[in-house]
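The following paragraphs lead the reader through one part of a protein structure. Please keep the sequence and the model in view while reading.

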Amino acid sequence: MNSFEGSRPTLQPAAWISAAQREAFEVAGTTAHRLASGSGGWVERLGADVIVSFKGDGAKTELLKGLEQWTTKTGWSPTRVFTRFVPTRNADRVSPVLHEGDASLSWKTTVTEAGIRYRLDIAAGYSHGLFLDQRLNRARLQSFKPKRVLNTFAYTCSFSLVAALAGAETLSVDLSRKSLDRGRHNFELNGVDPARHRFVADDALELLPKLADQGESFDAIILDPPTFSRSGNGRRWRVVDDFEYLLMAALEVATPNCAILLSTNCTKLDPVKLRRRARLCAKARRQTADYIEIGSPTDFPPGHGASTLWMMV
Ligand SMILES: C[S@@+](CC[C@H](N)C(=O)[O-])C[C@H]1O[C@@H](n2cnc3c(N)ncnc32)[C@H](O)[C@@H]1O
């Protein structure tokens with residue numbers, strides 16, 4: 001080992017799901033889940049395909065070798081394997097690369113979660129269209145059977161879709177028109193008429209007070225903002241600084257007995273800190289709330305996936 005290798009952080013071997021876990025996903029109608037998670041990257045199964053996301057060459061080699069061993073052991077193998085470099089800076093992100101499989105096939109694919117269909121685009125890069133770590137929160141939202149759902153930072157509208165399938169009217173808000181169009185397409189894929197739901201391309205932070213002024217209210221609200229954002233008017237926004245503003249604005253449009261999902265990938269906000277901040281917001285409004293922490297899905301070991309908390313006001 002040379003002196004440079006000696007100073008590198010040690011790569012923890014990835015933890016792979018068992019054959020029984022994969023079969024359980026299949027039985028549950030879920031074809032989009034993680035296969036492995038490690039310190040140097042992770043492996044996702046997306047329908048018939050697999051994406052190996054890696055932070056460095058050592059991890060890439062380890063994960064590809066692990067995938068080969070795992071497929072031999074479990075008897076399940078993908079049609080295609082993509083690899084994707086995960087840089088430390090967002091500006092350095094690059095498109096995934098086809099590592100193995102038929103180059104003539106479309107990079108768009110359809111996966112299922114609990115039997116619900118989602119259209120993914122592997123070529124879209126970092127975000128293919130479905131955040132797998134939110135699986136339990138989607139199921140929880142559906143189990144609440146809400147009547148009116150506000151999904152802020154909606155992306156491809158997966159939370160709106162599960163709520164709509166449970167009978168809710170939904171309002172999905174995202175700055176990106178393209179993501180909302182993908183959301184509409186996901187509705188159609190599942191036989192839900194998007195024309196009966198609202199999709200608004202706007203800044204969630206600016207829209208929330210307008211919704212309150214219009215007297216709108218919701219019995220379920222999804223708050224899953226990015227760590228950093230730029231508002232519609234170009235203002236920089238950081239979840240760690242602006243979380244309370246967002247939650248206070250959401251509480252203005254919450255019905256009594258509203259379920260609010262607080263979710264973030266910001267490493268400075270774990271569920272304990274989320275709860276502390278949410279309590280302060282409730283106190284400022286002289287409201288009480290219960291908190292439910294449902295944790296991460298079994299294919300996401302501790303330290304992987306978003307920090308999430310349900311606030312039941
Ligand atoms: C972390 S993703 C949300 C994932 C989504 N909750 C899900 O589970 O599929 C962040 C989304 O926020 C959107 N976004 C960023 N800043 C925004 C803003 N100020 N207002 C509305 N949407 C915004 C982005 O376009 C992106 O689609």
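In this predicted model, strands S12 and S15 pair in the parallel sense, with five bridges between them. One point of this pairing is Leu223, whose bridge partner in S15 is Leu262. Strand S12 comprises residues 218-223, and S15 comprises residues 254-264.

S12 also pairs with strand S9, which comprises residues 148-152. This pairing is again parallel and extends over four bridges. Within it, Leu150 stands opposite Ile221 of S12, and Asn151 has Ile222 of S12 as its bridge partner. In general, the strands of a sheet pair through backbone hydrogen bonds, in either a parallel or an antiparallel sense.

Is S12 mostly covered or mostly uncovered? The strand is mostly covered, as five of its six residues are buried.

The view may now be widened to the whole sheet. The sheet is open and has seven strands, in the order S11-S10-S9-S12-S15-S17-S16, and its pairing is mixed. S11 and S16 (residues 290-292) stand at the edges; each has a single partner strand, so one side of each is left without a neighbour in the sheet. On average, neighbouring strands of this sheet are turned by 15 degrees against each other, direction ignored.

Two helices lie across strands of this sheet. Helix H4, made up of residues 135-144, lies across S12, S15, S16 and S17. Its direction makes an angle of about 15 degrees with S17, the strand of residues 307-312. Helix H9, made up of residues 271-284, lies across S15, S16 and S17, and runs at about 30 degrees to S17.

The edge strand S11 leads to a further residue, His197. Where is His197 found? His197 belongs to the loop between helix H6 (residues 177-189) and strand S11 (residues 198-201). Is this loop residue, His197, buried or exposed? The relative accessible area of His197 is 12%, and because the limit for a buried residue is under 20%, His197 counts as buried.

The surroundings of His197 can also be described. Leaving aside residues up to four places away in sequence, His197 touches Ala164, Ala168, Glu169, Thr170, Phe187 and Val192. With Thr170, one of these residues, the side chain of His197 also forms a polar contact of 2.8 Å, side chain to side chain.

Key
Residues are numbered from 1 along each chain as its sequence is written. This is a predicted model: local features need pLDDT of at least 70, side-chain atom pairs count only at pLDDT 80 or more; totals for chains, interfaces and linings use all residues. Side-chain values use heavy atoms; hydrogens and water are left out. Buried means under 20% relative accessible area, exposed over 50%, partly exposed in between (1.4 Å probe, protein chains only). A polar contact is a pair of N or O atoms within 3.5 Å; within protein, one must be able to donate a hydrogen and the other to accept it, and residues adjacent in sequence count only if both atoms are side-chain atoms. Contact means heavy atoms within 4.5 Å. Two strands pair if DSSP finds at least two bridges between them. Axes are lines fitted to C-alpha atoms, for helices over the stretch in contact, and angles run from 0 to 180 degrees between N-to-C directions.
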